[in-house]
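Me: I should like to learn how to read a sheet, its packed helices and a few side chains. Where should one begin?

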Amino acid sequence: MAARTVLVVEDSDVESQMLEKGLRSSGSARTVVCVNSTTAAEGYIFAGSDGGQGSVPDLVVLDVKVPPAGGLAFLKMLRSNERTRGVPVLMMSSEMRDQDVGDLYRSGANSFLDKPVDGQEFISLVTAAANYWLTLNLSAGQS
Amino acid sequence: MSDAHEPQSTILWVEDNMDEEVLVLRAIRQASLACQVIVAHSVKEALDYLLARNAFHGHYPGIPDVIVTNLRIGAQSGEDLIVEVRSRKELRLIPVVVLTGGASPAKIDELYRRGANSFIEKPTTSAEFSVLVANLARYWTHFNRSVSRPKRTRNFPYAL
């Protein structure tokens, strides 16, 4: 299996650690990169820390409330760029109204998950989601 | 086990091959998922269901949690269904998964451009197909939250 890179965009350290743990225990994510802002995520994908072309991950796990731009604005940016248009984006939040979930789908989110309150449950859900998006799903531009 | 306070999940499965229909229904039953599967055998039948018209007039069962469609359904294509669903205000937010065999990378790319949420390559053996169907159904009815239903309660622990 090809190396699978997941970019986690989450500002809470605790949740970021649980996301990383869940992704790693799935066995389908080879590399997990965690950033705590949309600015850093943009830098990772488009600029690259080495000043190069940046790197497009195989999956983006995106918190809806991540600063400074917020998950929805970052999602729209990914969908408007030819390089990132086809990257699966899995969005997560702990409190979302139905109409706000609708905005995510309307803007091109592939999936939305409510964050469980319980830590073990959170990790287990992320593991299941990683298995779906990294081993079952085929994304655009992936042969 | 289904929660008495939670409406049952629904999958609209669009497939015209009878053998696969049997496999899908059996796989979901054996996985003990609390979800009902409505099988539509054509794009027209799927739209009749979604829009509660013709055979489904007066029997509106509600917006499904997810639509799973094959790409080739008789003379029509799952792509036609995606276009129809995405062009209608009352249907456009339903997640659509394409489950098919032998699609080219260009076709997969086009399906996402049309608004597919997920694309899955159909496995070649029926055993693999059954496992896949159960995992796919579990993800979209127990893990994913769509707009058609309130925040869900999940059955922990999870496995996929």
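Reply: One begins with the order and sense of the strands. In this predicted model, chain A has an open sheet of five strands, ordered S2-S1-S3-S4-S5, and the pairing is parallel.

Me: Why is one side of strand S2 and of strand S5 of chain A left without a neighbour in the sheet?

Reply: Strand S2 (31-35) and strand S5 (111-114) of chain A are at the edges; each has a single partner strand, so one side of each lacks a neighbour in the sheet. From one strand to the next, the twist averages 20°.

Me: How many bridges join strand S4 of chain A to S5(A)?

Reply: Strand S4 (residues 89-93) of chain A pairs with S5(A) in the parallel sense over four bridges. To follow the register, one looks at a bridge pair: Leu90(A) has Ser111(A) as its bridge partner in S5(A).

Me: Which strands does helix H1 of chain A touch where it packs on the sheet?

Reply: Helix H1 (residues 13-26) of chain A touches strand S1 (5-9), S2, strand S3 (59-63) and S4 of chain A. The direction of helix H1 makes about 170° with that of S2(A). Helix H2 (residues 38-47) of chain A also packs on the sheet, where S1 and S2 of chain A are touched; the direction of helix H2 makes about 155° with that of S1(A).

Me: Let us turn to chain B. Is Thr141(B) buried or exposed?

Reply: For such a question one consults the relative accessibility, for which buried means under 20%. Thr141(B), a residue of helix H5 (residues 126-143) of chain B, has a value of 1% and therefore counts as buried. A polar atom of the Thr141(B) side chain lies 2.7 Å from the backbone oxygen of Ala137(B).

Me: What is the relative accessibility of His142(B)?

Reply: His142(B) is likewise placed in helix H5 of chain B. The relative accessibility of His142(B) is 14%, so this residue counts as buried. For a distance within the chain, one may take the C-alpha atoms of His142(B) and Ile120(B): these residues are 22 apart along the chain, and the atoms are separated by 18 Å.

Me: How many disulfides does the structure hold?

Reply: Over all chains, the structure holds zero disulfides. Individual cysteines may still be read by accessibility. Cys34(A), at 31% relative accessibility, counts as partly exposed, whereas Cys35(B), at 10%, counts as buried.

Methods: Residues are numbered from 1 along each chain as its sequence is written. Chains are lettered from A and ligands numbered from 1 in the order in which they are written. This is a predicted model: local features need pLDDT of at least 70, side-chain atom pairs count only at pLDDT 80 or more; totals for chains, interfaces and linings use all residues. Side-chain values use heavy atoms; hydrogens and water are left out. Two strands pair if DSSP finds at least two bridges between them. Helices (H or I, at least four residues) and strands (E, at least two) are DSSP runs, numbered from the N terminus. Axes are lines fitted to C-alpha atoms, for helices over the stretch in contact, and angles run from 0 to 180 degrees between N-to-C directions. Contact means heavy atoms within 4.5 Å. Buried means under 20% relative accessible area, exposed over 50%, partly exposed in between (1.4 Å probe, protein chains only). A polar contact is a pair of N or O atoms within 3.5 Å; within protein, one must be able to donate a hydrogen and the other to accept it, and residues adjacent in sequence count only if both atoms are side-chain atoms. A disulfide is a pair of cysteine sulfur atoms within 2.5 Å.
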